[in-house]
Amino acid sequence: MIREESLQTLEFDKILNAISKFSNSDASLKSILEICPLYNREDIEKRFGQIMEIQKLSQEGTPLKISQFQDIYQLIEKLKPEDSVLEPIELIAFWPVLQIIYDVSSQIRNRYDLPLLNKMTEHLTGFPEITDIMERSLDGSGNILDNASSMLFDLRIRIRKLDFKINKRLEEITKDRKMTPFLQDNFITKRAGRWVIPVRMDSKGQVSGVVHDVSKSGETAFMEPLEIIGLSNELENLIAEEKAEEIRILRYICHKIRKVLDDIKTQYSIIVYLDVLNSIERFSDLIKMDIPQINDSSVINLVKAKHPLLIILEKEGIIKKAVPLDLSLGGENSVMVITGPNAGGKTITIKTVGLNLIMALSGIPVPADSSSTFPIVNELLVDIGDEQSIESSLSTFSAHVSNISQILKKTDSKTIILMDEMGTGTETVQGAAIACAVLRDLKEKGPLVFATTHITDIVVFVYKTEGMINASMEFDQNTLTPLYKLNVGEPGQSHALEIARRYGLPEKIIGFAREMLGNMNMEFYDLLSELKEKTFKYENALEDLNKQKSGIEEKERILKERLADAERQEVGMLEKAYKESLNIVMDTKRQIYAILEEAKKEKKRESIKKIQKTQKILEEKIKGFHKETSLSIDEINEGDTVFVRSIGYDALVAKIDRQHKRLKVISGNRDLEIPISEITYRRGKLPDLTNVRERIDEKEEEFPSVINLVGLRVDDALSRLEPFLNHASLSGFEEVTIIYGIGTGALLKAVQNYLADHPLVTRHRTKSQFDRGVTIVTMK
């Protein structure tokens, strides 16, 4: 379990405080501040899913219908005793809660695209019966309405009338000239619940009545005149009856609520949790957070991650735009040591890792790309900051060592460790040796470790040790300023001398310090600087190459488009030419048939066959220009719908013969067996067939002098009609039948126009057979 100290160190409480500002109730605010990491992947992903569904509602412009409501947990407990009665002002706290429950239930009900919210709210009712009673009995300020009961309505009418009567009589008394000398003023007021008039103290004996109060100055006595005492007593009795009726009404409402109190508490808890999720979603939307992936392996991968508190400061204009972080740890390497200059972002980097991890495990979206992944961990151990303590007699170094000792005891393979400034607080060589030993021990135990340091010996140790990797914060050598960007795989340096020079340390001191470093250290740092400079140049060169590659790819795309346009134009021109050739052949055929009509010899039939062959070749060439994508046998499953070229309609795949690459399909009322080459993707074109189709097909088999053109386009129909008429003429038929269907009438008109000028046709007539159009043709 992740310790509270780790959460505090990484400032998770500040994230929760920021989320709580979006809550609608003290109850949900309290629940938000109690959010902590979860340890079950299913629970985390469930919360993510619920937040995504709330986000979907917001994107649709219909955010979750939750408004301000009170915390009624204490009122629920107060109402549990059998005879307990709540005050009206307490009862109206239930009203908005029940209304929100009802509104949310109505909003989510039947939204099957929101399965998680639907399941959560499936038992919400809002208790409309109680809401109706409260609306009829109480107003928004907690006053009991006249219509709460007929008795209350009657009592209040009587009270108002009697009150008016008393006031009117008192006004008459104050205006009476005989009474004026004894009055301090002419107003009417109440004292101890009784109507009174202000009488001068020295004249109170002159007025018959009862003194109920005296002014602070002692000069005025507030007296109830004797003649209205009876009316006032009657008024008090009515008010007492009114109070009793009000208590009876409140008791009745409380009784109704008490009967379903447990259900109200359950449904209220769901609303509180929904408000928590809604607050998380609104905060997430504010700083553009995303939902990451959770894995069961020991791998953490951050893509474009930021520290959420930095994003808030960025939005407030306090800092410049935060630099995103990319890193990955786990698998081959389990230890990452980050080096770099002071104030270069090392500590913020490991805090970003830790805080993003806590948020992800708590089911809160993270300020990182959705491709980021986080592992389920049992513990997050942190050693960040100066923990020196006078009370505990701990120095900075002692505090670090004490923390690290606890980390070594508690760590396992399901742990992530964050350690800042390793090796500091004591003599450098010994501090580095201890840090290297700690890193070595941690690597053997298997946790993921993120650490920072300034010490070169630790960097060298990490470089030489398998399973560990160096990383550094980028630094601008020219301006001597940090860039806050992490480079994984490269060690960094502190740049202490350069920064000291920039901030005004005398050159004499800088020079002496450089000499004290020694040649070996200086060579190491110079080599490091040279390596970084070369890396920077290579990265720039690679970026230029990528730009050139993108430019070449764009040019290739443009060339391909132009080539495709040219090919389409060529196809169109050739298609036009072949169509013109086909028309010429059709005219020629008509002329040949007219000339050879009388002589039915074998030679003539051979000539006709040659012409038909020529026609077929031309038709195939034209079809070749209408290229369609064919389907492979592996792409098709039984029950799929495909387009069959040979019939011109969509058909249902009934059976697949993969060995012979053939299909059995159903189109309308017909079962067909076709090769795979005859099909392509569905076009949504269905045959308009009935049982008549079967009867017509039977007639076609029985009478070879019939041709069926149903469902064909005009061009296809006429190309089939011509050889049919030729065959009929050569076979000596006197009459033939053409079936074309009714449809839009386009095919009927085209066929009749075609027959009108045909040399082999004497006449034709049209009649209706079944539900299809039929033409009877008389041959010459």
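1. A residue is called partly exposed when its relative accessible area falls between the buried class, under 20%, and the exposed class, over 50%. Glu-554 has a relative accessibility of 36%, and therefore counts as partly exposed. The model under discussion is a predicted one, and the points below should be read with this in mind.

2. Glu-554 has a charged partner. Its side chain meets that of Arg-557 in a salt bridge, with an N to O distance of 2.4 Å. Both residues belong to helix H19 (residues 507–595), and because they are 3 residues apart there, about one helical turn separates them. Arg-557 is likewise partly exposed, at a relative accessible area of 38%.

3. A second pair within one helix is formed by Glu-444 and Arg-440, whose side chains meet in a salt bridge at 3.8 Å, N to O. Here the helix is H16 (residues 428–445), and the spacing of 4 residues again corresponds to about one helical turn. Glu-444 and Arg-440 are both exposed.

4. Which parts of the chain does the salt bridge between Glu-129 and Lys-256 link? The closest N and O atoms of this pair are 3.3 Å apart. Glu-129 lies in helix H9 (residues 128–137) and Lys-256 in helix H11 (residues 229–259), so that distant parts of the chain, 127 residues apart, are linked by the pair.

5. Salt bridges also occur as a network, in which Asp-146, Arg-156, Arg-160, Glu-242 and Glu-246 are linked. For the model, the count of salt bridges comes to 28.

6. The largest nonpolar core holds 105 residues, and the members that touch the most others are Phe-12, Phe-94 and Phe-450. Helix H12 (residues 261–286) gives the most to this core, contributing 11 residues. As general background, nonpolar side chains tend to be buried together in soluble globular proteins.

7. The surroundings of Phe-94 can be described in detail. With its neighbours within four places in sequence left aside, Phe-94 is in contact with Ile-72, Leu-75, Ile-76, Leu-79 and Leu-86. Its contacts further include Met-134, Ile-257 and Ile-264.

8. The next subject is internal space. There are 4 cavities of 30 Å³ or more, and the largest cavity contains about 120 Å³ of space. Its lining consists of 15 residues, with Phe-397, His-400, Ile-404, Met-422 and Gly-423 lying nearest the centre. Helix H15 (396–410) and H16 are the elements that give two or more residues to this lining.

9. What is the make-up of the lining of the largest cavity by class? The lining has 8 nonpolar, 4 polar and 3 charged residues.

10. Two backbone angles deserve a reviewer's attention. Most residues other than glycine have a negative phi. Lys-304, however, has a positive phi, near 55°. This residue is found in strand E6 (residues 300–305), and Lys-304 is exposed, with a relative accessible area of 53%.

11. Glu-421 also shows a positive phi, near 55°, in a residue other than glycine. Where does Glu-421 lie? Its position is in the loop between strand E11 (415–419) and H16. At 21% relative accessibility, Glu-421 counts as partly exposed.

Terms used: Residues numbered from 1 in each chain as written. Predicted model: local features only at pLDDT ≥ 70, side-chain atom pairs only at ≥ 80, totals over all residues. Heavy atoms only, no water. Core = buried A, V, L, I, M, F, W, Y, C linked by side-chain atoms within 4.5 Å. Buried < 20%, exposed > 50% of the residue type's maximum accessible area, 1.4 Å probe, protein only. Contact = heavy atoms within 4.5 Å. Salt bridge = Lys/Arg side-chain N within 4 Å of Asp/Glu carboxyl O. 1 Å grid on protein atoms, 1.4 Å probe; cavity = no way out; pocket = protein on both sides within 12 Å on 5 of 7 lines; lining within 4 Å. Points joined across faces, edges and corners; volume = space filled by probe spheres on them. Nonpolar A, V, L, I, M, F, W, Y, C, P; charged D, E, K, R; others polar.
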